[in-house]
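Please look through the structure shown here, and follow the packing of its helices and rings step by step.

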Amino acid sequence: MSEAPFNDRFLRACRRESVEATPVWFMRQAGRSLPEYRELRGETDVLTLTRNPELATEICLQPTRRYDVDAAILFCDIMVPIAGVGVDVRIVQNQGPTLAEPFREDADLERLRPIEPETDVPFVLETIRLVRKELRIPLIGFCGAPFTLASYLVEGKPSRDHVRTKELMHGRPATWGRLMDVLTEMMVAYLRAQVEAGAQAVQIFDSWAGALDPDDYERKVLPWTARIVEGVADLGVPTIHFGVGTGELLHLMTRAGTDVVGVDWRTPLDVAWERIGGDRGIQGNLDPAACLAPWDIVEQKVGDVLRRAGGRPGHVFNLGHGVLPDTDPATLVRIVDLVHQETAHA
């Protein structure tokens, strides 16, 4: 039997080329809601799982067997490269990344160093190589944006108000700049290694950028994110920039230079696209909580996102954040099929 052809619909949409139907993938599609993932994981923490390429590969592939998605995303965590250079970071269940010793003084920056991906995180690159042997859809690699990584380092754990991070940003701008410089160079090297290992697109997660006002984002964050995009531009793979609660920052995020800007569910997709500009792709933006509603509500919500996209080139359908743990996988199967059916054309 002949091998199935490679489905590059997602890559074409990222480049705003014509597609026969809107591509779909889900942030956090690997893990969380899948019973086979929970059975495989058991009590093992996420960082330990990522260090086992065979297990990480299996987790990455699990959703592609259930859903007719148009892209897979690497199973990893944004803090993996930070741990890879020796920072004591742990992923605490029901809390997230946690540091025993947060970065609070200038001397703490000495705990970071340039990353050597083949030495510091070889398991990530091996996972990419293994996954690519199995997939007939593109694989997305990713990293955390400097601001979001810095917030975990400074706060020591997820934060609602990011007070300590902003205190460092405003009170010690030189230290802030050095921290962002180091993280930026690390992420450039990390993403380049992922692409060289086989990742066919990359996403930059700036999960906490929505905590900033536009002025702080423009002056204290955007220049470093733009440097990451510039640092991988020559590799020729599509780039995506995603943040949560960033509706008022979208016009600035566009200036980072990615091919696609991901938007959460708080801003209607057509409004978000106006802020981003018609020369960029857009990714999103179904509310993840809507997936827990009765199907008629889900169908209505999906239809609204598609209506606002208006069939314009460059739309990648996704949730406005990650899949929630209580999501029924059968609902995601139906969403993928619905998007493909509703947007199919010759």
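Are Phe26 and Tyr67 buried or exposed? In this model, which is predicted, Phe26 is buried, and Tyr67 is buried as well.

The structure holds six aromatic pairs, and one of them is formed by Phe26 and Tyr67, whose rings meet edge-to-face with 6.2 Å from centre to centre and 85 degrees between the planes. This pair links distant parts of the chain, since Phe26 belongs to the loop between α1 (9-14) and α2 (35-41) while Tyr67 belongs to the loop between α4 (53-66) and β1 (72-73), 41 residues apart. Elsewhere, ring pairs join Phe142, Phe205 and Phe242 into a cluster.

The helix α10 (residues 173-197) can be followed through two of its contacts. With helix α8 (residues 146-155), the axes come within 9 Å and cross at roughly 120 degrees; an angle between 115 and 145 degrees falls outside the perpendicular and antiparallel ranges, and α8 and α10 are therefore oblique to each other. The crossing in which α8 passes α10 is right-handed. On the α8 side the contact is made by Pro146, Phe147, Leu149, Ala150, Leu153 and Val154, which meet Trp176, Leu179, Met180, Leu183, Thr184 and Met187 in α10. Sorted by class, the residues of this contact of α8 with α10 comprise eleven nonpolar, one polar and no charged.

With helix α7 (residues 122-134), α10 packs at an angle of about 30 degrees, the axes lying 8 Å apart, and because angles under 35 degrees count as roughly parallel, α7 and α10 are described as roughly parallel to each other. Here too the crossing, that of α7 past α10, is right-handed. Val124, Leu125, Ile128 and Arg129 of α7 make this contact with Tyr190, Ala193, Gln194 and Ala197 of α10, and the contact of α7 with α10 has six nonpolar, one polar and one charged residues.

Both α8 and α10 reappear around helix α12 (residues 222-232). The buried residues of α12 are Leu222, Trp224, Thr225, Ile228, Val229 and Val232, and what covers them includes α8, α10, β5 (201-206), α11 (214-220), β6 (239-243) and α13 (250-253).

Strand β6 contains His241, a residue that is buried, with a relative accessible area of 0%. Leaving aside neighbours within four places in sequence, His241 is in contact with Ile204, Asp206, Tyr217, Thr225, Met253, Ala256, Thr258, Val260, Val261 and Gly262; among these, Thr225 is also one of the buried residues of α12.

Note on methods
Residues numbered from 1 in each chain as written. Predicted model: local features only at pLDDT ≥ 70, side-chain atom pairs only at ≥ 80, totals over all residues. Heavy atoms only, no water. Axes fitted to C-alpha atoms, helices over the stretch in contact; angles between N-to-C directions. Helix = DSSP H or I, 4+ residues; strand = E, 2+ residues; numbered from the N terminus. Parallel < 35°, antiparallel > 145°, perpendicular 65-115°, else oblique. Left-handed = near helix turned anticlockwise from the far one by under 90°. Contact = heavy atoms within 4.5 Å. Nonpolar A, V, L, I, M, F, W, Y, C, P; charged D, E, K, R; others polar. Phe/Tyr/Trp six-rings, centres within 6.5 Å; stacked < 30°, edge-to-face > 60°. Buried < 20%, exposed > 50% of the residue type's maximum accessible area, 1.4 Å probe, protein only.
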